Amino acid sequence: MAGAAVINTLRASGVTAFASSGNNGSGTHMSSPACLSNVISVGATDDNDVVAAFTDSNSTLDIMAPGVGIVSDAIGNGVISASGTSMAAPHAAGCAALLIESDVATTPNQIEN
């Protein structure tokens, strides 16, 4: 699979890849790239840390992050409230950036652990 080769090359170069798990509410299926082994897959939770019903997951889902009612910049101007695993993945990537900045974890394997 070409996507897996790209992800593996990124990982070998020290890049940690994050991907939204998907929003179909599947308890058995995540699509690519979230299902790839060197990607950190991210599902969504609500304000009470309850898994969002729309989150795709299986035994390989790596992490959960806030993804319901997230206020973000809107196209054009202003802000919008949105929900989805695409709102959760940036939270996880931002946490990784903080780990790197603080020298707590600097490699993809350390971040994933």
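Okay, Glu-112: at 30% relative accessibility, this residue counts as partly exposed. Keep in mind that what we have on screen is a predicted model. What does Glu-112 meet with its side chain? The partner is Arg-11, and the two side chains form a salt bridge, at 2.7 Å from N to O. The count for this model comes to one salt bridge, and that pair links distant parts of the chain. Arg-11 sits in helix α1, while Glu-112 belongs to helix α3, residues 108-112, so the two are 101 residues apart. And is Arg-11 buried or exposed? Arg-11 counts as buried, because its relative accessibility is 11% and the cut-off for buried is under 20%.

Let's walk along from helix α1. Between α1, which spans 2-12, and β1, at 17-20, there's a loop, and Val-15 is in that loop. Val-15 comes out as partly exposed, with 36% relative accessibility. Together with Val-6 and Leu-10, Val-15 makes a nonpolar patch on the surface, and the three have about 210 Å² of accessible area together.

Thr-16 is in the loop between α1 and β1 too, but Thr-16 is buried, at 18% relative accessible area. Leaving out residues up to four places away in sequence, what does Thr-16 touch? The list is Ile-40, Thr-107, Pro-108 and Ile-111.

Now on to the sheet. Three strands make an open sheet, ordered β1-β2-β3, and the pairing is parallel. β1 and β3, the latter at 63-66, are the edge strands; each has a single partner strand, so one side of each has no neighbour in the sheet. On average, neighbouring strands here are turned by 40° against each other, if you ignore direction.

Some detail on the strands. β1 is joined to β2 by four bridges, and Ala-19 stands opposite Ser-41 in β2. β1 also has two faces: Ala-17 and Ala-19 are on the covered one, Phe-18 and Ser-20 on the uncovered one. Over on the other side, β2, residues 39-45, pairs with β3 in the parallel sense, again with four bridges. There, Ala-44 is opposite Ala-65 in β3. What packs on this sheet? Helix α2, residues 85-101, does, touching β1, β2 and β3, and its direction makes about 120° with that of β2.

While we're on α2, have a look at Ile-100, which lies in that helix. Ile-100 counts as partly exposed, at 39% relative accessibility. Not counting residues up to four places away in sequence, Ile-100 touches Ala-105, Thr-106 and Ile-111. You may remember Ile-111 from the Thr-16 contacts. As for Val-6 from the nonpolar patch, Ile-100 is 94 residues from Val-6 along the chain, and their C-alpha atoms are separated by 22 Å.

Last stop, the hairpin. β4, residues 70-73, and β5, residues 79-82, pair in the antiparallel sense, over four bridges. Just as a reminder, strands of a sheet pair through backbone hydrogen bonds, either parallel or antiparallel. One bridge to look at is Asp-73, whose partner in β5 is Val-79. There are five residues between β4 and β5, and in that turn Gly-76 has a positive phi of about 95°.

Definitions and conventions: Residues numbered from 1 in each chain as written. Predicted model: local features only at pLDDT ≥ 70, side-chain atom pairs only at ≥ 80, totals over all residues. Heavy atoms only, no water. Patch = residues over 30% accessible without salt bridge, like charges linked within 9 Å, V, L, I, M, F, W, Y side chains within 5 Å. Areas by Shrake-Rupley, 256 points an atom, 1.4 Å probe, with all protein chains shown as cover. Salt bridge = Lys/Arg side-chain N within 4 Å of Asp/Glu carboxyl O. Buried < 20%, exposed > 50% of the residue type's maximum accessible area, 1.4 Å probe, protein only. Pairing = 2+ DSSP bridges. Axes fitted to C-alpha atoms, helices over the stretch in contact; angles between N-to-C directions. Contact = heavy atoms within 4.5 Å.
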